[in-house]
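This report describes the architecture of one protein model, beginning with its empty space and moving on to its sheets and selected residues.

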Amino acid sequence: DLHSFPTRRSSDLKPPAPSTIEMAASVTEENGVAIARIDENQALANIEKLASPGKLTVKVNVDANKAVQVILPKAVLQKASEKGISIEIVLPTSKITLGKEVLSQLARENDVKLSVKKADLTSVSQKIKNIVGTRPAIDVEINSNNNKISQFEGNIKLAIPYVRNSGEDNSRINAYYVRDNENAEKVSGAYYDVVKNEVVFNTNH
């Protein structure tokens, strides 16, 4: 007997939504600072396409020694937090991932500016200079309406590129939060990713 089965055209099959979409920021320079902007409409369209939970990665191509300010539009923060999408900012000095809770908090502000620069350690105590040595130290700040936001309702994930020295033990590589010129505290839960050669940790301040 011949049996016929209804067949679905391949055009009817919807491909699965991607879990990550990458887009580039456009960069201009103002007063020696690299200002990175993302195309709001493109970012919103990308968030719409993403699976939930998913991640929107924004690549910022700048000189590693340059201070950077990334402008995050309110509409993008709102849309991402509503859909459970995290936003990862990829810079030469670090990768910064803003999760759903943090995005929800920031979406209550106006446009948010995320500033990243190499930390100036000239005025810190010798104790802190000894802890840091020649290892990377970065200064990350999030502002809205010129007000610094210093406490977050969720964690911000940071990954800092670091190629360990041959004598260094992976398990003894730590991250420190420099509270002020005299005090530095070890960040709990920090670890060294041997595959990506980066120190990874979460912080809520």
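The largest pocket encloses about 1300 Å³ of space. Its lining is made up of 49 residues, of which I138, D139, Y176, Y177 and V178 are the closest to the centre. The model is a predicted one, in which local features need pLDDT of at least 70 and side-chain atom pairs count only at pLDDT 80 or more, whereas totals for chains, interfaces and linings use all residues. Residues are numbered from 1 along each chain as its sequence is written, and side-chain values use heavy atoms, with hydrogens and water left out.

**Pocket and cavity**

A pocket is defined on a 1 Å grid over the protein atoms alone as an open set of points with protein on both sides within 12 Å along at least five of seven lines; a cavity is a set of points where a 1.4 Å probe fits but cannot get out, and lining residues have an atom within 4 Å of a point. Grid points are joined across faces, edges and corners, and a volume is the space filled by probe spheres set on the points.

Several secondary-structure elements supply at least two residues each to the lining of the largest pocket, among them β8 (112-118), α4 (126-132), β11 (156-161) and β15 (198-203). Strand β9 gives the most, with five residues. Helices (H or I, at least four residues) and strands (E, at least two) are DSSP runs, numbered from the N terminus.

The structure also holds one cavity of 30 Å³ or more. The largest cavity contains about 70 Å³ of space, and its lining includes V62, D63, N65, L91, P92 and V116. Here β8 is the main contributor, giving three residues, the most of any element.

**The six-stranded sheet**

An open sheet of mixed pairing is formed by six strands in the order β2-β3-β5-β8-β9-β10. Strands β2 (26-30) and β10 (147-149) stand at its edges with a single partner strand each, so one side of each has no neighbour in the sheet. On average, neighbouring strands are turned by 30° against each other, direction ignored. Two strands pair if DSSP finds at least two bridges between them; axes are lines fitted to C-alpha atoms, for helices over the stretch in contact, and angles run from 0 to 180 degrees between N-to-C directions.

Strands β2 and β3 run antiparallel and are joined by five bridges. In their hairpin, which has two residues between the strands, N31 takes a positive phi near 50°. On its other pairing, β3 meets β5 (residues 68-72) in the parallel sense over four bridges.

| Residue | Opposite residue | Strand of the opposite residue |
|---|---|---|
| V27 | A36 | β3 |
| S26 | R37 | β3 |
| A34 | V68 | β5 |
| T57 | E88 | β6 |

**The seven-stranded sheet**

A second open sheet, also of mixed pairing, has seven strands in the order β1-β4-β6-β7-β11-β15-β14. Its edges are β1 (20-24) and β14 (191-193); each has a single partner strand, so one side of each is left without a neighbour. The average turn between neighbouring strands is 20°, direction ignored. Helix α1 (residues 40-49) packs on this sheet and touches β1, β4 and β6, with its direction at about 170° to that of β1. Strands β4 and β6 (residues 85-90) run parallel and are joined by six bridges.

**Core and selected residues**

The largest nonpolar core has 47 residues, and V60, L98, L106 and I142 have the most contacts inside it. Such a core is a set of buried Ala, Val, Leu, Ile, Met, Phe, Trp, Tyr and Cys residues joined through side-chain atoms within 4.5 Å. In soluble globular proteins, nonpolar side chains tend to be buried together. Leaving out residues up to four places away in sequence, V60 touches residues that include A25, V27, A36, V68, I89 and L91. Contact means heavy atoms within 4.5 Å.

K59 lies in strand β4 (residues 54-59). It is partly exposed, with a relative accessible area of 32%; buried means under 20%, exposed over 50% and partly exposed in between (1.4 Å probe, protein chains only). Beyond four places in sequence, K59 touches E22, M23, A24, A25 and V90. K59 and E29, 30 residues apart in sequence, are 16 Å apart, C-alpha to C-alpha.

V33 belongs to strand β3 (residues 33-37) and is partly exposed at a relative accessible area of 25%. Apart from neighbours within four places in sequence, V33 is in contact with T28, A67, V68 and Q69.
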